[in-house]
Amino acid sequence: MPIYNSNSFRFILLFFLQIGMLFAQNLSQIDVLTTADGLNFRDVRAIAQDDSGLMWFGTSQGLNRYDGYNFKVYNSDKKNPFFIEEELFTSTMVFDKDEDALWFMANEDLFKLHLPTDSITAYNEPDGIKGKVLGVLKVEDGAIWIITEDYWSTKADKPKQYLQKYKDGKFEVMASISRINKGFSRLSQDSEGFLWWSTPNGNLKYHIDGTLLAFYDLGNYEWHGSEMHFVASFFDCNNRHYYFPHDGGIYVLNEENQSSERILDVDNEFGHAIQDEEGYTWFAGQQRLYRMSPQEDFVDYTDKLLDHFDYTKINSLFIDASNLLWVATDNGLFKIRTGTQMFKNVFKSSKSGWGNSMRGVFEDHQGTIYAHCENKNSLFSQDVTGKIDTLKLYAESNEKIELHYACSFFVFNKAKTHVFTVGKTMYKINLETGETVSYDQFIPNLKVYGPNPLIRLRDGRLLFGYILSRLLLFDPETEKSEAVFSDDFEFDEVSDLAYFFQSKTEDMIWVGTQNSGLLKINLNGSIEETYSIYTNPSVSKNNILVIDEDSDGSLWIGTYGGGLNHISKDGTTIKKYSKAQGLADDNVTGILRDKKDNLWISTYNGISYFDKQTELFQNFYTEDGLSHNECNYSSCLIDSQGNYYFGGMNGLNVFKPDDVFKTSEPPQLRFLGISGYNSKNKSSFNTDYSHNKFTELTISPYDQYFQLDWTMPSFFNNQKSTYSTTLEGYEDRWFYQGHKASIRYNKLPAGDYVLKVKGTDAIGNESAAMLSIPIKVKQIFYKTWWFILSALCAAILFGYSVFRYRLNQVIAMERLRTKISSDLHDDVGSMLSGLAMQTELLEINANEADKFKLQKIATISRSAVSQMRDLVWSIDSRRGTVDDLIERMQELAEELLLPMDIAFNIEASTIINPNKKLPAEIKQNVFMIYKEALTNCLKHANATKVNVSFSNINKGCELSIKDNGTNTPCLKYTGLGLSNMALRAEKINGQLRFEKEKGFGVILRLPFNL
């Protein structure tokens, strides 16, 4: 039996203890993509990436295009608009940038998919293909090479395999060998540009002109009765030649001295290899996956893969543009981050789940980091060299000291040689020796179960206590203490204090509580401010776990269950952030500010980075390197070297902000397409722009809605990528879209817009540039300028037509009136005048009896002539002005009044426009009212004078006809004269009234001026 001395045993024991705790990084950060995510079939045979960053997966049931969120499936279903003849993928596929096309093999036939048009070209015998296609390769100069065999098509006794190159639309044979066995062919290129053809006969090295340069037999074995010499090869960036014999392991061939070296001695046979940008080489066998460092250290990833899902075969390896490793298996895809680890883990145990639960974190004057592991009642430490140790605590009596979970805060004395903490009592720990002094006199000020807050003030004093009335100030140098509040100070007691933060304002302390919200106390013994769920403004929860004062004097507070709250400097507003706004979890346990004054926030479910300018959160989880997603309260620190620490349920997570956001290439945003619904056509539309250039999207006014889709080809945990958008011309600020890579607009007003999108990937890298999508929403036809102009012209034309029609009607009416008045005057007037004259002649020779009758007839005739003359004048359009009306009124008065010795006066001096043309109806009715008024004066009044006047008042005119007669019973005459005047006034929208004092008056109010 081997014998170990005690020192050796202690060394070995310490070594294995440290293995479980030191920087236990998650070497693999693995994500998966399976049928549960939308992959059309689990058996993935080939992988490629196009120039837009979209991924292509060939399965045994078709081809998938993956944009990070959705799959576009090509298969042999004739109902599928993306139809391909063959869907059983058999080998590698490659992207041809020059033709923007994807070359792929399905059922041992070769096809080319033109990506902008989704058109398929099949290549076969007329294109120079020699039978079935076994492999395809795109070499460094962009040329396409294939391996074919004519076993199934040749009639010769000796079938062959061919090495062919694509030239001018045809495949040309560059070399050939005898075909021994079906398949077993692999084509690769070394870093010097030479082609290597792994065949059943051995490994052949060719110049790109088809010249055979060398032959290597790297291994032989029996395969179903045949001797097989097929061995797959791989070349790294340094042209190191790896090959994989059938009996297992990985070898390196030295061509110069024809020697080989086995660098991995395992029984597994390998078939695939690839090198990432960090210089690590990945090797895959049937089920095994290894990573080899540049120093040839191997890490087996197989168990890590199987922890995610089961598979039986690895079909292909692929490194995408973001240096993400894709592993294609018969049960889905693995995505493995190959970059530098963002987060390191200190004091992490090998136990899965909850392990070493860490609380207080602090740094001494030598740069050693300490943390309290509450479940092991120990202080772990790590010095600047990385050495891990445990500080053993003991009392002066050599009694062992155990720090209970109540010890969550640790603060130094002035010299940083001792640290103070409070649990069931207050302890002073010598960091050099571990000797611990207890201050049991403070037990009444502390609670045994649960954390006790503790803070070191800028003047060196310590503040601690779990209720307000028992808050103490302790001077570590003099060891004297005093109460903050005097015994006679009256206030409502507040218990379960949780966190202290010293304000920039002298003597002011912010106090977070478990049940009463946030308090601001003055160390001179007063309460200055209170914020709770009941105050205005209010906090989201009364349980406050952490406080931090910003550079502008505002406050950030983390709550238990209420997320993050921001209190403005003046205390008038409180803004709340929760999971709905992107925070990792609503239980906030720690806040650290970086050099950019942005926040790093620990929660119960990951760590959040908060950009205060954009108000966007970026979250990190175990897959990003955290030891555990749940972070602990009172467990965060920024050390003197700029390292950030957050303690959790299994060790400390250590990082530098600049390292977290370090990336080789920022991700690119890509526009995918537009979809929507057109109400006019009653149909949906979907246009793919992933491979088509466009200058502007045109939206029809009948598009009920439209949706724009984009992606950011950063495929690791891409479901955690976040986006913000703004629509210039419609929106005046950025809107956070969360993880959604699309936006929908309904009935957007007509106009020119630009949709701008910016994104951040799962590890916090912002997109290289904003995505700008010009959008033109067309105006509906009846709101367009040409339609409005046409409608206006049509309205003008219609109005003009109506005007012309009415004008013609008026002219015709005027002509008719003139004709009627002329005919009446000339014909009927002459006849009536002749009748009167004839009657008068007959009267001369008539007897007395007939004279009376003839006089009556003559009188009636002349009266008819007079009445007809008035009627003719009223309808004659040639005499239609105001002056004509007044003139006729003058004539009528002379005819009627003067013979009766009645004087009259017509006053028209206020008339503004004597030449104003009066409508025939107004002229006729005004005149008839005037005539009726004079007639009444003659018949019913014993007047000697009549006054007629026109008066323009406001927006109207009054015609007054008034006599100086006396009131006689005759005025009660029941004839139709007065009522006829009222009807005539109503026809012309006038108002008529009668005055019976000092004579009789008729006043006509017209709604217009004369």
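**Notebook: rings, strands and charges**

I started with Y723, and I noted it as buried because its relative accessibility is 0%. The cut-off for buried is under 20%. I should say early that this is a predicted model.

**Entry 1: the partner of Y723**

Next I looked up the ring beside Y723. The ring of W710 has its centre 5.9 Å from that of Y723. Their planes stand at 75°, so I logged the pair as edge-to-face. Planes over 60 degrees apart earn that label. W710 is in strand 62 (residues 703-711), and Y723 is in strand 63 (residues 722-728). The pair therefore ties together parts that are 13 residues apart in sequence. I checked W710 for burial too. W710 has 1% relative accessibility, so W710 counts as buried.

**Entry 2: other rings**

How many aromatic pairs does the structure hold? I found 69. I picked W196 and F235 to look at in detail. Their ring centres are 5.1 Å apart. The planes meet at 40°, so I wrote down "tilted". W196 belongs to strand 15 (residues 195-199) and F235 to strand 20 (residues 232-235). This pair links distant parts of the chain, 39 residues apart. Both W196 and F235 are buried.

I also noted an aromatic cluster. F234, Y242, F244, F270, F283, Y290 and F298 form it.

**Entry 3: charges over rings**

I then searched for charges above rings. K130 lies over the face of Y162, 5.9 Å from the ring centre. At F412, the charged end of K416 sits over the ring. Here the distance to the ring centre is 5.5 Å.

**Entry 4: a sheet with strand 62**

I went back to strand 62, the home of W710. Strand 62 is part of an open sheet of four strands. I read the order as 60-59-62-65, with antiparallel pairing. Which strands stand at the edges? They are strand 60 (683-688) and strand 65 (742-746). Each has a single partner strand, so one side of each is left without a neighbour in the sheet. From one strand to the next, the twist averages 15°.

A reminder to myself: strands of a sheet pair through backbone hydrogen bonds. I looked at one pairing closely. Strand 62 and strand 65 pair in the antiparallel sense over five bridges. F706 has Y745, in strand 65, as its bridge partner.

**Entry 5: salt bridges**

My search of the whole structure gave 32 salt bridges. I opened K72 and D118 and found 2.8 Å from N to O. K72 is in strand 5 (residues 71-74). D118 is in the loop between strand 8 (109-114) and strand 9 (119-123). The two are 46 residues apart, and the pair links distant parts of the chain. Are the two residues buried or partly exposed? K72 is buried, with a relative accessible area of 10%. D118 is partly exposed, with 24%.

K167 and E172 meet in a salt bridge at 3.6 Å, N to O. K167 is partly exposed at 32%, and E172 is partly exposed at 37%.

R288 and D300 meet at 2.3 Å, N to O. R288 lies in the loop between strand 25 (281-285) and strand 26 (289-292). D300 lies in strand 27 (residues 298-300). This salt bridge therefore ties together parts that are twelve residues apart in sequence. I noted R288 as partly exposed at 23% relative accessibility. D300 is partly exposed at 26%.

My last note is on a network. Salt bridges that share partners join D548, D550, R593, D597 and K612.

Terms used: Residues numbered from 1 in each chain as written. Predicted model: local features only at pLDDT ≥ 70, side-chain atom pairs only at ≥ 80, totals over all residues. Heavy atoms only, no water. Phe/Tyr/Trp six-rings, centres within 6.5 Å; stacked < 30°, edge-to-face > 60°. Buried < 20%, exposed > 50% of the residue type's maximum accessible area, 1.4 Å probe, protein only. Lys NZ or Arg CZ within 6 Å of the ring centre and 35° of its normal. Pairing = 2+ DSSP bridges. Axes fitted to C-alpha atoms, helices over the stretch in contact; angles between N-to-C directions. Salt bridge = Lys/Arg side-chain N within 4 Å of Asp/Glu carboxyl O.
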